[in-house]
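Reader: I have a new model open on my screen and would like to walk through it with you. Shall we take it one question at a time?

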Amino acid sequence: MIELVSESRCIECNICVKVCPTNVFDKVPDAPPTIARQSDCQTCFMCELYCPVDALYVAPDVEPLAGINEQSLEEAKLLGSYRKNIGWGKSLTTTAKQDSTYQLLKK
């Protein structure tokens with residue numbers, strides 16, 4: 001489920017608003033988009049994949065998390081981590097084979 005739009009990283013390109021299949025975000029003039037309908041999030045990771053500056057965090061959990069903040073996600077290197085793990089983007093190398101989901105599919 002989408003948990004955070006980073007205020008410090010977001011460049012207000014609104015790509016996340018455009019790619020979200022369930023219309024979770026609202027575009028805000030001169031500000032980062034807001035998570036307006038979090039419960040509609042299908043955890044598809046499309047917003048995190050397409051974000052050019054790793055300003056989003058989508059948790060693999062289907063229930064909202066408590067205590068999520070930008071600083072803790074930054075320290076844990078979780079902002080944009082899904083995109084990095086699958087190697088989506090210029091100069092990134094996939095690490096999908098190390099992902100637990102991939103390991104399940106191998107069996």
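Reader: How much surface does the protein expose, and what share of it do carbon and sulfur atoms supply?
Author: Happy to start there, keeping in mind that this is a predicted model. The exposed area of the protein comes to about 6800 Å². Carbon and sulfur atoms supply 53% of that area.

Reader: In what order do helices and strands follow each other along the sequence?
Author: The protein has five helices and four strands. Read along the sequence, their pattern is β-α-β-β-α-β-α-α-α.

Reader: Which elements each supply at least two residues of the largest nonpolar core?
Author: That core has 16 residues, and Ile 2, Cys 16, Val 24, Phe 25, Cys 47 and Leu 56 have the most contacts inside it. The elements that each supply at least two of its residues are strand E1 (2-5), helix H1 (15-19) and strand E4 (56-58).

Reader: Is Cys 10 buried or exposed?
Author: Cys 10 sits in the loop between E1 and H1. Its relative accessibility is 18%, and the cut-off for burial is under 20%. Because 18% falls under that cut-off, Cys 10 counts as buried.

Reader: What is the C-alpha to C-alpha distance between Cys 10 and Pro 32?
Author: Leaving out residues up to four places away in sequence, Cys 10 touches Val 5, Pro 32, Pro 33, Val 53 and Ala 55. Cys 10 and Pro 32 are 22 residues apart in sequence. In space, C-alpha to C-alpha, Cys 10 and Pro 32 are separated by 6.0 Å.

Definitions and conventions
Residues are numbered from 1 along each chain as its sequence is written. This is a predicted model: local features need pLDDT of at least 70, side-chain atom pairs count only at pLDDT 80 or more; totals for chains, interfaces and linings use all residues. Side-chain values use heavy atoms; hydrogens and water are left out. Accessible areas come from the Shrake-Rupley method with a 1.4 Å probe; for residues, only the protein chains shown count as cover. A nonpolar core is a set of buried Ala, Val, Leu, Ile, Met, Phe, Trp, Tyr and Cys residues joined through side-chain atoms within 4.5 Å. Buried means under 20% relative accessible area, exposed over 50%, partly exposed in between (1.4 Å probe, protein chains only). Contact means heavy atoms within 4.5 Å.
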